[in-house]
Amino acid sequence: MNLRPDPTFHATAKLAMQAPVENYGFTVMLSPDGTQSDGIAVVDLNPKSKTYGEIVHQVIVPNIGDEFHHFGWNACSSSLSPLTGHAFLERRYLIVPGIRSSRIYIIDVKDPLKAKIHKTIEPEELFAKTGYSRPHTIHCGPEGIYVSTLGGGGEDGTDGPPGIFIMDCETFEIIGQYEMDRGPQDKHYDFWWNLPQDYMVSSEWGLPPQFEGGIVAEDLLSNKYGHSIHFWDLRARKNIQTIDLGENHQMALEIRPAHDPTKSYGFCGVVVDTTNLQGAIFTWWRDDDGKWQAKKTITIDPVPADPEDLPDLLKGFSAVPPLVTDIDLSLDDKYLYVACWGLGEMHQYDVSDPMNPKLAGKVELGGIVAHHKHPNGKDFAFGPQMVEISRDGKRVYWTNSLYSTWDDQFYPNDEGGQMVMANVGENGGLTLDKNFYVDFPKGLRAHQIRLEGGDCSTDSFCYPSV
Amino acid sequence: MAEDVISVTALWWAVIFSGLYHGINPGMGWPLAVSAALMERKHTAMAKAIAALAFGHFLAMTAILLPFSLMLFLVEWARDIRIGAGLLVIAMGIYLLVNRRHPKFLARVHPSRLALWSFLAAMAHGAGLMLVPIFLGICSIDNGDAGHQAVQTLMSGNIVTAFAVATVHTLAMTAAGGLIAVIIYLWLGLKFLSKTWFNLDIVWALSLVLVGLLGVIAAYAGY
């Protein structure tokens, strides 16, 4: 408990953009076959440092088989919410869930070079207190830390729907389920909100049997993965509207609301349209009558390919789907970054007009067929995946693994974990930095990145950027 | 008599001072007024928000003071009531010192229900209790030689005093909080929101203990 608010808490997104830049990044390291322990890599991001672009510390957990994926902070700029009146938490702990084991680690990163495990929450406690399993997205909210889960109860996580649970942000005790009325929501993936406007949006991937052993082709072709987004009355904990994006829009994943809380819109990425293999971005917004709407505003076409060059899963299609697996929005709400994991491309769209995004920049790296090399001449395994933008919007970092079993299906011949960085031009445009290329320890892959002091997918701002 | 006038004046200043003190505490809501003006992009939204916060605070003050004003008709128990009230305020202060957890239910109030939020925030922090020893002090001087007055007169007098104390306190609170909100909104900008935000938790709890102690001492001393 501090006497003053943590200096990394910012009232507005604009103030966060003007804050000092990041010195460290925290990146998930995961063992794809569960033979090693997973961990968090601390990466030096200070270009003036001798160890710039190197892993300078690792927190390796004692268990195996956790499969780290997404993670987040115990506290962020949402602590400055005028409703709390108490802005004195520290941004100090990373909440790191294992989506395969359902175990949650709380990692103390006060001194990034000495980061260590502070507390471990065993899966049994999570099951008993929430009825959920396979914890995933983390956001710091009004009453504590909100965690989305991908599975319900039971061995395979299908006993009851998955949902969100709340954790105490100081003691890390699990409090319980969030939902009072979930409506038709029966699958889960990502969620985010607008705190002053008091709404939340959540998305759907699929149930554990649909992803843990790999993508289930029959389920995909019969449109059985998630294709709806849900709108919630955040404080009433009630699903107020569900929008079906159309059953062919399989896997509605990342939810990215505008950072400025006066805006009532945001984006959602769809992995694949089963009618034409396109990837898509939907813009969702609240209309003048208070109803939520969603419209497809970006489509990315598949690229024809020789079946010889394709993994078994895709041979029948003679094309590489873009596979939009992650998106991220800069703090000024201007650029949306879209990872096309199948094509091996990172797109930058100018979304100043959220209904008419314009492609502003593009980087090619990796890819199922293309196998673009990094400008430093090295290979990049898989394709661009988890993307994170620096607070000032000038640097975009990304890693390459999607999810262990899915990597193996789409990229059966690739292996490795890499993290790269691209610089953003003054008027848009994206260029890979030749000198930033982090190769992860052998046998470990890389997933989500968190930047010291918060980034573009951690912090919720409670005041407008005026 | 002159002595009484001085102590009544001092107590009324204490009412005003406690109002200013509550007003500058961000926990009593001035950041909400800034946020309301910015979200709606108009000055009038701030005035409305400040009014709603003031109303909620006023209700919380009267909700605490009125029961005490009614109790005071038990004239012969007046001293014990003052001592009991002082101890209660001390207990609240100690509770807030020991239990440093924040009242989470406040975060569940809808952001537009500012009066409700303000009422609950004041209740949860014992803001009304801080006024009780001061209020009881004023009543005991006002009532003076209470034995000769009709219970009816005494009670209505005390109720009027309760409303007066709550009103003066709330006006002072609104002036202080409103001033900070206006300065941040018009001149300093949101960067100062986090800079002016101090953790008053311990100071607040200690203030309750102090006010309670003074109340108990005053009752013993027969002021």
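Visitor: How many bridges join S27(A) to strand S28 of chain A, and which way do the two run?

Guide: Five bridges join them, and the strands run antiparallel. S28 covers residues 418-424 of chain A. One cross-strand pair to look at is A:Trp398, which stands opposite A:Val420 in S28(A). Keep in mind that this is a predicted model.

Visitor: What about S26, how does that one join S27(A)?

Guide: Through three bridges, again antiparallel. S26 is the stretch 387-389 of chain A. Here A:Ile389 stands opposite A:Val396 in S27(A).

Visitor: How many residues sit between the strands in that hairpin, and which one takes a positive phi?

Guide: Five residues lie between S26(A) and S27(A), and A:Gly393 has the positive phi, near 80 degrees.

Visitor: Is S27 itself buried or exposed?

Guide: Mostly covered: five of its five residues, 395-399 of chain A, are buried. A:Arg395, A:Tyr397 and A:Thr399 point one way, while A:Val396 and A:Trp398 point the other way, and all of them are buried.

Visitor: Switching to S12 in chain A. Which residues point which way there?

Guide: A:Phe191 and A:Trp193 go one way, A:Trp192 and A:Asn194 the other way, and all are buried. S12(A) pairs with strand S13, residues 199-202 of chain A, over four bridges in the antiparallel sense. In that pairing A:Trp193 stands opposite A:Met200.

Visitor: And the turn, which residue has a positive phi in it?

Guide: A:Asp198, at about 65 degrees. The hairpin of S12(A) and S13(A) has four residues between the strands.

Visitor: Why does A:Asn194 count as buried?

Guide: Because 24 C-beta neighbours fall inside 10 Å, and the cut-off for buried is 20 or more.

Visitor: What does A:Asn194 touch, leaving aside its neighbours within four places in sequence?

Guide: A:Tyr199, A:Pro257, A:Pro261 and A:Ser264. As for C-alpha distances, A:Asn194 and A:Leu234 are separated by 8.7 Å, with their positions 40 residues apart along the chain.

Visitor: OK, new topic. What's the strand order in the open sheet of four strands?

Guide: It goes S16-S17-S18-S19 in chain A, with antiparallel pairing. The edges are S16 (249-257) and S19 (292-300), each pairing on one side only. On average, neighbouring strands of this sheet are turned by 25 degrees against each other, direction ignored.

Visitor: How many bridges between S17 and S18 of chain A?

Guide: Six, joining residues 265-273 to residues 279-286. For one example, A:Gly266 has A:Trp284 as its bridge partner in S18(A).

Visitor: I'm looking at A:Glu254 in that sheet. Is it buried or exposed?

Guide: A:Glu254 lies in strand S16 of chain A. It is buried, with 26 other C-beta atoms within 10 Å.

Visitor: Which residues does A:Glu254 touch?

Guide: Not counting residues up to four places away in sequence, A:Asp190, A:Cys268, A:Gly269, A:Asp326 and A:Ile327. A:Asp326 is 72 residues from A:Glu254 along the chain, yet their C-alpha atoms are separated by 6.2 Å.

Visitor: I also want backbone oddities outside glycine. What's phi at A:Glu67, and where is it?

Guide: Phi of A:Glu67 is near 55 degrees, a positive value in a residue other than glycine. Its place is in the loop between strand S3 (55-60) and strand S4 (72-73) of chain A. A:Glu67 counts as buried, with 24 C-beta neighbours inside 10 Å.

Visitor: And B:Arg41, buried or exposed?

Guide: B:Arg41 counts as exposed, because 10 C-beta neighbours lie inside 10 Å and the exposed class takes 12 or fewer. Its phi is near 55 degrees, also a positive value in a residue other than glycine. B:Arg41 is found in the loop between helix H2 (30-40) and H3 of chain B.

Visitor: Speaking of H3 in chain B, how far apart are its end C-alpha atoms?

Guide: They are 43 Å apart. At 1.5 Å a residue, the 29 residues of 43-71 should span 42 Å, so the two agree.

Visitor: Where's the kink in H3(B)?

Guide: At B:Leu65, about 25 degrees, shortly before the proline B:Pro67.

Visitor: Last one: how many residues of chain A are in contact with chain B?

Guide: 28 residues of chain A, in contact with 25 of chain B. On the chain A side they divide into 18 nonpolar, six polar and four charged.

Conventions: Residues are numbered from 1 along each chain as its sequence is written. Chains are lettered from A and ligands numbered from 1 in the order in which they are written. This is a predicted model: local features need pLDDT of at least 70, side-chain atom pairs count only at pLDDT 80 or more; totals for chains, interfaces and linings use all residues. Two strands pair if DSSP finds at least two bridges between them. Axes are lines fitted to C-alpha atoms, for helices over the stretch in contact, and angles run from 0 to 180 degrees between N-to-C directions. Two residues are in contact if their C-beta atoms, placed from the backbone, lie within 7 Å. Ala, Val, Leu, Ile, Met, Phe, Trp, Tyr, Cys and Pro count as nonpolar, Asp, Glu, Lys and Arg as charged, and the others, Gly among them, as polar. The expected span of a helix is 1.5 Å times one less than its number of residues. The bend at a residue is the angle between axes fitted to the seven residues ending there and the seven starting there.
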